[in-house]
Amino acid sequence: MGHVRVPVRLINGDRTITVNALVDTGSTIMVITRDVADSLGLRPLGKVSVELADGSGRVVDYTAVEVELMGRRAPVIAAIVEGGEVLVGVEVLERLGLAIDPVSGRLYETRRFVTRI
């Protein structure tokens, strides 16, 4: 549906990194690179099977990380991949109460923000 690049703050305890991430409504989960995971001191929690944009499958590590976007912050699950770029998928947008306006290509708030469990 849409792609937008935005600054995203990733947090693990006292470690923080800000990256220019691709918000991709065709992606379900958040994706971070191994370099970003290592910079934040994130350790894999397990393995997950994922389907890539080209339709191929792969088994990758996953972890938990806090994400902050447009002043909204919440913990999310992220796949860890070798190379590529950081992707924000629809699960993160839903969790943060955000969406992409297809006309302007900008993110906007869809609801009052509270972390839902």
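This report describes a predicted model of a protein, moving from its overall dimensions to its strands, its cores and a few single residues.

**Overall form and confidence**

The protein contains 2 helices and 9 strands, and along the sequence these elements follow the pattern β-β-β-α-β-β-β-β-α-β-β. Its radius of gyration is 14 Å, close to the 13 Å that the globule rule gives for 117 residues, so the protein is as compact as a globular protein of that length. Taken along the principal axes, the box filled by the C-alpha atoms is roughly 35 × 35 × 25 Å. Of the 117 residues, 39% count as buried, and the protein exposes about 6,800 Å², of which carbon and sulfur atoms supply 50%. Among contacts between residues at least 6 apart in sequence, 48% join residues at least 24 apart.

The average pLDDT of the protein is 90, and 93% of the residues score at least 70. Confidence is highest in helix H1, at 97, and lowest in strand S9 (residues 107-109), at a mean of 90. Where pLDDT is low, the predicted coordinates should not be read in detail.

**Strand pairing**

The table lists three strand pairs with their direction, the number of bridges that join them and one pair of opposed residues.

| Strands | Direction | Bridges | Opposed residues |
|---|---|---|---|
| S3 and S6 | parallel | 4 bridges | Ile 32 and Ile 80 |
| S4 and S5 | antiparallel | 6 bridges | Ser 49 and Val 59 |
| S5 and S6 | antiparallel | 9 bridges | Tyr 62 and Ala 79 |

Strand S6 appears in the table as a partner of S3 and also of S5. Of the 10 residues of S6, 7 are buried, so this strand is largely enclosed by the rest of the structure.

Two hairpins connect antiparallel strands. The hairpin of S4 and S5 has 5 residues between the strands, and within this hairpin Gly 55 takes a positive phi near 90°. The hairpin of S5 and S6 has 2 residues between the strands, and there Met 70 takes a positive phi near 55°. Most residues other than glycine have a negative phi, yet Met 70 has a positive value although it is not a glycine. Met 70 is placed in the loop between S5 and S6, and with a relative accessible area of 40% this residue is partly exposed.

**The nonpolar cores**

The largest nonpolar core has 28 residues, and the members that touch the most others are Val 8, Leu 10, Val 23, Met 30, Ile 32, Val 67 and Val 88. Among the elements that each supply at least two residues of this core are strand S1 (3-12), strand S2 (15-24), strand S5 (57-69) and the two helices H1 (34-40) and H2 (90-96). Apart from this core lies another, of 7 residues, which includes Leu 22, Val 60, Ala 79 and Val 81.

**Strand S3 and its surroundings**

In a regular strand the side chains alternate between the two faces of the sheet. In S3, Met 30 and Ile 32 point one way while Val 31 and Thr 33 point the other way, and all of them are buried. Leaving out residues up to four places away in sequence, Ile 32 touches Leu 10, Ala 37, Leu 42, Thr 63, Ala 78, Ala 79, Ile 80, Val 81 and Val 86.

Thr 33 also belongs to strand S3, and Val 81 is its bridge partner in S6. Thr 33 has a relative accessibility of 10%, and because the cut-off for buried is under 20%, this residue counts as buried. Beyond its neighbours within four places in sequence, Thr 33 is in contact with Ile 80, Val 81, Gly 83, Gly 84, Glu 85 and Val 86.

**Val 67 in strand S5**

Val 67 lies in strand S5 and is buried, with a relative accessible area of 1%. Not counting residues up to four places away in sequence, Val 67 touches Val 8, Arg 9, Leu 10, Met 30, Arg 72, Arg 73, Ala 74, Val 76, Val 92 and Leu 96. Two of the core members named earlier, Val 8 and Met 30, are thus among the residues that Val 67 touches. The C-alpha atoms of Val 67 and Leu 96 are separated by 9.1 Å, although these residues are 29 residues apart along the chain.

Notes
Residues numbered from 1 in each chain as written. Predicted model: local features only at pLDDT ≥ 70, side-chain atom pairs only at ≥ 80, totals over all residues. Heavy atoms only, no water. Core = buried A, V, L, I, M, F, W, Y, C linked by side-chain atoms within 4.5 Å. Buried < 20%, exposed > 50% of the residue type's maximum accessible area, 1.4 Å probe, protein only. Contact = heavy atoms within 4.5 Å. Pairing = 2+ DSSP bridges. Rg over C-alpha atoms; globule rule 2.2 N^0.38 Å. Areas by Shrake-Rupley, 256 points an atom, 1.4 Å probe, with all protein chains shown as cover. pLDDT = per-residue confidence, 0-100.
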